[in-house]
Amino acid sequence: MTEAVGVHGLRKVYEGGTEALKGVSLSIEEGDFFALLGPNGAGKTTLIGILSGLVKKNDGVVTIFNTSIDQDAPKARTYIGLVPQEFNFNIFEKVLDIVVTQAGYYGIPRKEATERAEELLKDLGLWEKRHAPSQSLSGGMKRRLMIARGLIHAPKLLILDEPTAGVDVEMRLGMWDFLRKLNAAGTTIILTTHYLDEAQELCRNVAIINKGDILVNEPMDALLARHDKESLETVYLELTRPQ
Ligand SMILES: Nc1ncnc2c1ncn2[C@@H]1O[C@H](COP(=O)(O)OP(=O)(O)OP(=O)(O)O)[C@@H](O)[C@H]1O
Ligand SMILES: [Mg+2]
């Protein structure tokens, strides 16, 4: 099996002294659908930021498909498609242009990029909006645009930081369907979410992180079975609730 993500002894201390990650280790195999869960401030976005090269680590080793982010950051980055927690596109730029522009950062020729962007916008139900400025989209549409943009270079690993926050029930089911197909076609996916039903439904493996430490990291079924529980939510609350 190929390891998609390897993390060993990862530490992050922000300026001001917050220790966001206190020596985190985990391994994610290629093809996995992996849930990264934890309360607000646990360190999820920090971890994702380090994987994708946006946040500097203080200590530890990170490899993406066996490429160390210290030895070859640009190569490691091409493996990753990131869907960040916060919307961060130009609000005046048009939907199709946003996706095509992103392709430019990966050196994809414009014609190929446009074809691929059009396909993604169709798959994600944004075709009608392709010429609209991004500021005119609803919150749920913006989330889907972020996914289209993250996938433009056909990354082997897609990292989604709360992709379904503020998305209505029907759209959420549509997104699940889309992500399941993407995963079935071979893309490794890391998902953070506060909807535990979503993680339970979609993910094969799960890590729960709290205050910068990994509390558990195991297959979803094993975690539920070990705690003799039906729902991930009950297990999660038992593990993360302050004593
Ligand atoms: N840029 C920053 N500067 C200083 N502290 C930060 C910064 N970003 C995050 N932190 C702190 O690091 C810790 C982890 O934050 P992080 O954003 O990784 O949490 P999270 O698990 O993604 O939470 P949420 O579920 O609310 O998104 C928090 O204590 C947070 O205040
Ligand atoms: Mg976060």
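## Overall size

In this predicted model, the chain has 243 residues, and a compact globule of that length would have a radius of gyration near 18 Å. The chain itself comes out at 18 Å, so it agrees with the globule expectation. If you prefer to think in box dimensions, the C-alpha trace spans about 50 × 40 × 40 Å along its principal axes.

## Burial and contacts

Let's look inside the fold. Of the 243 residues in the chain, 39% are buried. Among contacts with a separation of 6 or more, 67% are between residues 24 or more positions apart.

## Secondary structure and the open sheet

The chain contains nine helices and 10 strands. Six strands form an open sheet with mixed pairing, and reading across the sheet gives the order β6-β7-β8-β3-β9-β10. At its edges sit β6 (80–83) and β10 (213–219), each of which pairs on one side only. From one strand to the next, the twist averages 15°.

For a closer view of one edge, follow β9, which covers residues 205–210. Strands β9 and β10 run antiparallel and are joined by six bridges. One residue pair to pick out in your viewer is isoleucine 209 with its bridge partner in β10, isoleucine 214.

## A helix across the sheet

Helix α1, made of residues 44–51, lies across several strands of the sheet: β3 (33–37), β6, β7 (157–161), β8 (188–192) and β9. With respect to β7, helix α1 runs at about 150°.

Definitions and conventions
Residues numbered from 1 in each chain as written. Chains lettered and ligands numbered in written order. Predicted model: local features only at pLDDT ≥ 70, side-chain atom pairs only at ≥ 80, totals over all residues. Helix = DSSP H or I, 4+ residues; strand = E, 2+ residues; numbered from the N terminus. Rg over C-alpha atoms; globule rule 2.2 N^0.38 Å. Buried ≥ 20, exposed ≤ 12 C-beta atoms within 10 Å, placed from the backbone. Contact = placed C-beta atoms within 7 Å. Pairing = 2+ DSSP bridges. Axes fitted to C-alpha atoms, helices over the stretch in contact; angles between N-to-C directions.
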